[in-house]
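Biologist: Could you take a close look at the aromatic rings in this one for me? I'd like to hear what they pair with, and then what the strands around them are doing.

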Amino acid sequence: MEAAGDAGLGPLAAFLPDDVVRAILARVPAESVLRFRAVRRAWRHLLTADRGFLLAHHAHQPLMPVLAFVRDAAAPGDQLAEFRVQALDLRTDELRAVAEGFTGVGRGPGLDDDHAFKVHASCDGLLLLHFLDAFYVCNPATRQWALLPPLHSSEIAALYAHAPTGEYRVLYHRGQGLDKHYYIITLSAVDPGERTRSIGRVASSASLDAALARGPSPAFASPPLRLHDCLHWPPQESQEHHMLVFHTVTEAFSWMRPPVVRDTVALLEVGGKLAMSACGRGASVVELWLLQDYRNEVWICAHQIRLPVGEISRFDDRQTWCAFVRSQDGDVLVVTPRHVLRCDVKGRVLKGFGREGREHDVTAHLLKESLVPCDISWIQPIGSGSSDADEDTDEDEGGDVDENAAEDLLMKMKLVPNV
């Protein structure tokens with residue numbers, strides 16, 4: 001049998017050139033790519049060891065809105081609840097399973113409980129999840145995970161890639177008022193003593209310093225968008241309705257002016273530019289603003305998408321819905337108390353989804369699958385046992401971690417099966 005790479009990509013080469021086969025494989029979901037590894041040795045080499053292909057595959061994957069819900073999973077009287085994360089492929093309207101787990105707390109903690117379950121961040125295919133007092137960075141596509149040092153939900157600000165080094169980092173803050181400081185966890189640090197460091201509270205003005213002392217909204221509620229080596233937060237009341245900016249290279253904070261202030265805002269990238277979706281609660285129009293001139297902070301309103309109010313009102317007669325633009329193509333998600341509707345840029349309803357469970361959160365996170373190996377020093381495959389981070393956890397800082405319950409979540413990641 002020929003060695004990988006010696007004879008092209010196999011029988012399909014009789015009909016299609018290798019570069020065409022590579023282009024096709026780069027556009028299929030991660031689950032299918034991993035299954036295709038069993039087709040041929042040359043394919044296994046391509047799909048697992050060819051970094052150029054893995055990067056191309058990641059680039060071609062869609063950005064998918066992340067949904068999370070909790071529901072009671074047993075009969076009345078039992079104490080069992082199910083947590084689930086899904087990603088919505090806007091090209092096919094398919095809901096993909098990302099992660100799920102069970103806990104014995106039932107009918108008590110939910111998505112808003114600090115000890116239950118939250119999705120805090122999404123970056124390059126990685127998710128930062130919180131499950132029963134433990135925090136994890138994991139890649140659902142490769143089924144790898146790392147346990148983070150003890151944290152609290154309200155402290156986490158962001159998960160991001162540091163461009164100069166390629167490292168993945170977590171930004172968080174701790175303390176109250178003027179005693180609040182900001183910290184960075186470097187996920188590639190081998191020495192446990194070097195994983196976490198303080199960056200203080202670097203601000204360019206007294207008003208910004210006072211806002212940093214209050215802290216941004218938690219990442220699970222208002223995640224930032226990474227662009228131009230900076231993290232940008234939507235306008236928040238704690239930041240005097242400015243947009244907070246963190247420069248990931250200099251590790252300093254600044255403010256940016258938003259185009260408008262609305263009840264419901266979310267950031268996204270459109271054509272390489274910073275964009276903001278803005279809509280009032282129950283409004284008939286959702287706006288998409290583009291930052292046309294980044295240096296001079298010049299915004300333009302690129303779209304005003306009129307929503308089908310009559311049709312939406314069938315699902316929400318109190319007109320409490322909120323709407324977000326969630327893609328470069330102008331796809332809009334309208335969230336009502338019991339349903340999620342997808343509209344196109346012309347305001348036409350294309351698809352409706354029932355909201356499962358007693359709590360259902362259409363998060364502001366976007367997931368883009370990645371099979372590219374992560375440079376995380378203590379990452380491990382699901383089911384491989386405790387990590388170095390487990391041994392370094394100080395119980396006095398974060399309390400006991402229910403590792404069996406947390407493993408329930410990690411063992412049930414279903415975006416990609418074990419292959």
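Modeller: Let's start with a charge and a ring: in this predicted model, the charged end of Lys118 sits over the ring of Phe220, 4.9 Å from the ring's centre.

Now for rings against rings. The count of aromatic pairs comes to five. Take Tyr136 and Trp145: their ring centres are 5.3 Å apart and their planes stand at 65°, so this pair is edge-to-face, the cut-off for that being over 60. Tyr136 is buried, with a relative accessible area of 4%, and Trp145 is buried too, at 3%. Tyr172 and Tyr183 also make an aromatic pair, but this one is stacked, with 5.3 Å from centre to centre and 20° between the planes. That pair links distant parts of the chain: Tyr172 belongs to strand S9 (residues 167–174) and Tyr183 to strand S10 (residues 181–186), and the two are eleven residues apart. Tyr172 counts as buried because its relative accessible area is 6%, under the 20% limit. Tyr183, at 22%, is partly exposed.

Then there's a cluster: Tyr160, Tyr182, Phe246 and Phe253 come together as one aromatic group. Phe246 takes us straight into a sheet, since this residue in S14 has Leu231 standing opposite. Strand S13 (residues 230–232) and strand S14 (residues 243–247) are joined by three bridges and pair in the antiparallel sense. The sheet itself is an open one of four strands, ordered S12-S13-S14-S15, with antiparallel pairing. Its edges are strand S12 (225–227) and strand S15 (252–256), each of which pairs on one side only. From one strand to the next, the twist averages 30°. Packed on this sheet is helix H5 (residues 206–214), which touches S14 and S15 and has a direction at about 105° to that of S15.

Further along the chain there's another open sheet of four strands, in the order S16-S17-S18-S19, again with antiparallel pairing. Strand S16 (264–270) and strand S19 (298–306) stand at its edges with a single partner strand each, so one side of each has no neighbour in the sheet. Neighbouring strands here are turned against each other by 25° on average, direction ignored. In the middle, strand S17 (residues 273–279) and strand S18 (residues 285–293) run antiparallel and are joined by four bridges. Ala275 stands opposite Leu290 in S18.

You may be wondering about cysteines as well. The disulfide count is zero. Cys322 shows why there's no bond in its case: the closest cysteine sulfur, in Cys279, is 7.9 Å from its own, too far when the limit is 2.5 Å. Cys322 is buried, with a relative accessible area of 11%, and Cys138 is buried as well, at 0%.

One last stop is a hairpin. Strand S22 (residues 339–343) and strand S23 (residues 349–354) run antiparallel, with five bridges joining them. Leu341 stands opposite Gly352 in S23. Five residues lie between the two strands, and in that turn Gly347 has a positive phi of about 80°.

Conventions:
Residues numbered from 1 in each chain as written. Predicted model: local features only at pLDDT ≥ 70, side-chain atom pairs only at ≥ 80, totals over all residues. Heavy atoms only, no water. Pairing = 2+ DSSP bridges. Phe/Tyr/Trp six-rings, centres within 6.5 Å; stacked < 30°, edge-to-face > 60°. Buried < 20%, exposed > 50% of the residue type's maximum accessible area, 1.4 Å probe, protein only. Lys NZ or Arg CZ within 6 Å of the ring centre and 35° of its normal. Axes fitted to C-alpha atoms, helices over the stretch in contact; angles between N-to-C directions. Contact = heavy atoms within 4.5 Å.
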